[in-house]
2 protein chains.
Amino acid sequence: MKRNLKKITLREIDFAQWYTDIVLNADLIAYGPVKGTTIFKPYGYAIWENIQKILDAEFKKNGVKNVYFPLLISKTLFNKEKEHIEGFSPEIVTVTKVGNKVLDEELYIRPTSEVLFGTFFSKEIQGYHELPLLYNQWVNVLRWEKTTRPFLRTSEFLWQEGHTIHSSKQEAQQFTLKILDIYATFAEKTLLLPVIKGQKTEREKFAGAEETYTIESLMYDGQALQCGTSHYFGQNFSKAFDIKFSNQKNILEYAYSTSWGVSTRLIGGLIMTHSDDNGLVLPPQIAPIQIMILPINNDNDDQLFAVEQLQKKLHKYRCEIDQSDKGFGFRASNAEIKGIPLRIEIGSSDLVQQQVIIARRDTFEKITVSWTEIEKVVSDLLDQIATNLYQRALDNRHQRTKKIDNYSEYKKTLAKMNGLFLVPFCGRIECEDTIKAETQTTSRCIPFDVSTKKTTCFHCGQPATNLVYFARAY
Amino acid sequence: MKRNLKKITLREIDFAQWYTDIVLNADLIAYGPVKGTTIFKPYGYAIWENIQKILDAEFKKNGVKNVYFPLLISKTLFNKEKEHIEGFSPEIVTVTKVGNKVLDEELYIRPTSEVLFGTFFSKEIQGYHELPLLYNQWVNVLRWEKTTRPFLRTSEFLWQEGHTIHSSKQEAQQFTLKILDIYATFAEKTLLLPVIKGQKTEREKFAGAEETYTIESLMYDGQALQCGTSHYFGQNFSKAFDIKFSNQKNILEYAYSTSWGVSTRLIGGLIMTHSDDNGLVLPPQIAPIQIMILPINNDNDDQLFAVEQLQKKLHKYRCEIDQSDKGFGFRASNAEIKGIPLRIEIGSSDLVQQQVIIARRDTFEKITVSWTEIEKVVSDLLDQIATNLYQRALDNRHQRTKKIDNYSEYKKTLAKMNGLFLVPFCGRIECEDTIKAETQTTSRCIPFDVSTKKTTCFHCGQPATNLVYFARAY
């Protein structure tokens with residue numbers, strides 16, 4: 001494979017270039033021939049498959065069923081919910097022809113599928129006893145982007161979009177928050193990304209939603225990443241798409257809907273949180289290869305026999321042997337670049353002493369382990385790596401989180417560092433527009449677990465409604 | 001849910017209408033708002049998920065890795081392989097705008113992705129030791145259709161497309177056939193569709209391929225369905241896309257490529273082979289629900305307790321309880337319409353006698369089974385159902401297979417029945433064009449296991465090259 005063999009740019013020197021170097025060196029993607037598109041290579045796609053497998057099982061446990069809705073949406077249909085179309089219009093990829101024939105009506109490639117689900121639900125449901133309907137799909141969506149970055153901002157991306165419909169406001173709101181909890185738990189326990197749960201401000205909420213909830217994570221460089229969102233639509237889409245059901249009193253009522261999604265951006269989040277100057281660092285649960293076994297000398301039969309025995313011993317892990325014809329140093333550094341949590345080395349003297357060397361990817365620590373203790377040590381080390389990666393990210397966030405109550409201090413701090421800034425805020429769109437224009441920061445969320453004191457907006461001085469996190473964001 | 005409650009049209013009376021009735025009554029799909037698009041509802045999508053799970057594991061066992069390539073292909077790129085673009089041009093869905101901005105170059109929505117993989121491979125490979133690359137993706141593709149039918153012919157469909165590249169002709173050809181074997185085994189053992197393996201004629205082979213191999217199945221009504229294809233491209237795409245590698249002598253050589261796919265058409269094949277006038281009939285391995293347990297009286301606590309115990313006992317199967325508020329008859333017929341292989345009924349007298357009633361979907365046979373023997377009987381019955389469904393389909397094919405050697409007998413037979421007709425054929429495109437125009441039949445495949453005798457073409461009288469199966473086909 002043509003590998004970008006360029007040395008990885010130091011993370012402290014140029015974070016953006018470091019990111020691109022990691023993505024290419026770890027063999028996650030290639031650039032597609034159309035601007036802004038990327039190809040998920042096997043190693044990159046395997047990460048997404050692991051994300052899918054774990055989340056999909058979690059959704060199903062909560063009664064969600066998978067479906068598949070069409071890629072193309074007619075213009076008329078899309079225009080039914082005005083706020084929604086406005087939110088997407090500049091990014092919408094439009095089909096006008098088939099073969100040489102111009103279509104009677106333009107078709108949009110889905111940037112998201114609320115309107116299709118809305119139309120479907122309006123025909124599907126009759127009575128309250130058929131509700132809720134809890135649907136999800138794993139699909140590609142398109143939103144044209146001027147400047148693109150692998151995983152973080154691409155014209156086409158992969159995601160799951162859940163769409164549910166309920167007979168009561170309370171049930172729909174609870175479900176919106178239940179999904180947020182599933183996302184938060186997945187981010188923290190599996191991806192090892194510390195996240196803050198909260199609600200989006202008026203300016204940042206999803207086009208057409210009544211309430212948008214989010215999990216926000218802070219990257220190594222102090223910029224925030226929105227990792228997943230869950231939207232409560234109230235009856236907005238039901239009214240636009242005429243989704244009615246007969247309630248227990250046999251009266252027709254508009255239904256309540258939600259939608260929620262996470263995307264391949266999560267892979268970008270993983271990289272920007274855990275990786276280092278030596279390459280990718282992957283959380284054990286999500287790593288396509290959890291353990292790479294290296295015979296120091298890859299044409300020594302005794303070593304080859306030993307590594308195969310070891311692979312069998314470790315069969316419950318995703319464990320591979322690198323016995324390619326490259327030198328040991330190259331193979332060891334390849335395992336490092338690819339972020340494989342544990343590397344096990346076996347040389348001739350190890351065979352004599354019935355031991356192996358285990359190297360941790362996160363700390364570079366190497367330990368000698370006797371043959372009989374390998375399984376126990378591997379299990380412990382993988383747990384320790386998970387704990388360490390999460391703690392490291394949490395420490396970084398703590399160091400970069402500041403409580404600020406006036407705009408001049410805010411700007412002064414921003415000039416020195418990126419981070420998460422908790423500020424009293426009025427909640428007005430105009431005020432947030434100005435802040436964004438002046439500082440390139442946006443509100444990330446109104447956190448759930450922070451009590452509001454009566455105070456004034458850090459920017460405009462009007463009464464504050466909430467304490468809100470602001471940050472520069474990807 | 002709004003269920004199409006219309007009675008199912010009898011299969012012998014109107015096969016096409018029967019098919020549509022089954023698809024809608026079994027709740028597999030809904031029609032999408034854009035012409036020719038369908039929505040996979042949860043029950044329909046779950047069948048596809050089961051197909052994916054089994055085939056994906058099989059591909060991976062054979063070293064294939066999953067990837068994801070972009071949806072959009074530029075016009076220039078697509079036009080690089082002339083025969084390929086001609087094969088698809090009238091069906092290609094074309095993007096010309098983003099928002100209000102007209103694009104500099106038109107983009108095509110993939111009808112298949114050979115050209116993207118070709119471009120990628122040309123940049124990716126250098127030496128022979130990096131080959132083969134064995135890639136696959138599970139994606140949506142679009143081919144615009146004038147007349148559409150759920151699963152069988154839709155403008156958008158889901159499929160997997162494998163793309164591989166090899167350093168020798170022999171290896172590529174062997175891999176093409178290995179995949180054909182995987183498809184054939186999956187069709188026969190899992191979907192219980194008897195298939196004939198063979199090669200496509202010149203007229204029917206894939207646009208741009210040197211050789212196309214296929215598995216062909218015969219539906220209940222005697223029309224054939226192509227269930228999967230595997231293409232050997234030789235160096236055609238390598239020459240069009242400049243895919244070269246340095247061989248063992250360090251000389252640059254064009255690589256050899258293959259592609260192969262199965263799609264959601266397989267679900268149509270399942271329906272048209274196994275289902276009957278009472279609804280869907282599903283093979284046990286692929287059924288989203290393998291066993292439906294019905295308490296005869298759904299508000300009797302003893303029965304409810306018993307069905308829950310039974311579900312626990314049968315935990316290794318996909319087993320559900322229907323305790324909805326509908327009457328027993330409705331629930332039993334619902335399990336039938338949905339093609340659930342086994343239905344287990346428990347009433348009050350069964351509780352007393354420590355027994356259950358088990359009903360087979362395929363034969364409608366009902367047997368009384370004592371509580372202690374349930375697991376053994378369920379396991380045996382599921383095996384028997386599989387054997388029976390396959391045998392039934394095979395019998396139908398045998399009855400509808402005829403060896404014919406002249407065109408007048410061919411037309412006479414076709415006037416009486418649809419079926420699979422083995423004929424001596426010259427292999428010429430013009431000859432096949434005429435046959436198609438006159439009889440609406442096409443060649444399905446040149447079977448592997450039939451020896452060729454020197455004889456003359458059943459249609460034109462020129463020397464025959466092979467014995468070939470012809471049929472009307474979906």
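Q: Which residue's side chain does the side chain of A:Arg343 join through a polar contact of 3.0 Å?
A: In this predicted model, local features need pLDDT of at least 70 and side-chain atom pairs count only at pLDDT 80 or more, while totals for chains, interfaces and linings use all residues. Residues are numbered from 1 along each chain as its sequence is written, chains are lettered from A and ligands numbered from 1 in the order written, and side-chain values use heavy atoms, without hydrogens and water. A polar contact is a pair of N or O atoms within 3.5 Å; within protein, one must be able to donate a hydrogen and the other to accept it, and residues adjacent in sequence count only if both atoms are side-chain atoms. The partner of A:Arg343 is A:Glu345.

Q: Is A:Arg343 buried or exposed?
A: A:Arg343 lies in strand 17 (residues 342-346) of chain A; strands (E, at least two residues) and helices (H or I, at least four) are DSSP runs numbered from the N terminus. Buried means under 20% relative accessible area, exposed over 50%, and partly exposed in between (1.4 Å probe, protein chains only). Its relative accessibility is 10%, so A:Arg343 counts as buried.

Q: Why is helix 1 of chain B largely enclosed by the rest of the structure?
A: Among its buried residues are B:Phe15, B:Trp18 and B:Leu24. The enclosure follows because the buried residues number 9 of the 11.

Q: Which elements of chain B do the buried residues of helix 1 pack against?
A: Contact here means heavy atoms within 4.5 Å. Just after this helix, B:Asp27 takes a positive phi of about 65°. The packing partners are strand 1 (29-31), helix 8 (265-274) and helix 10 (328-337).
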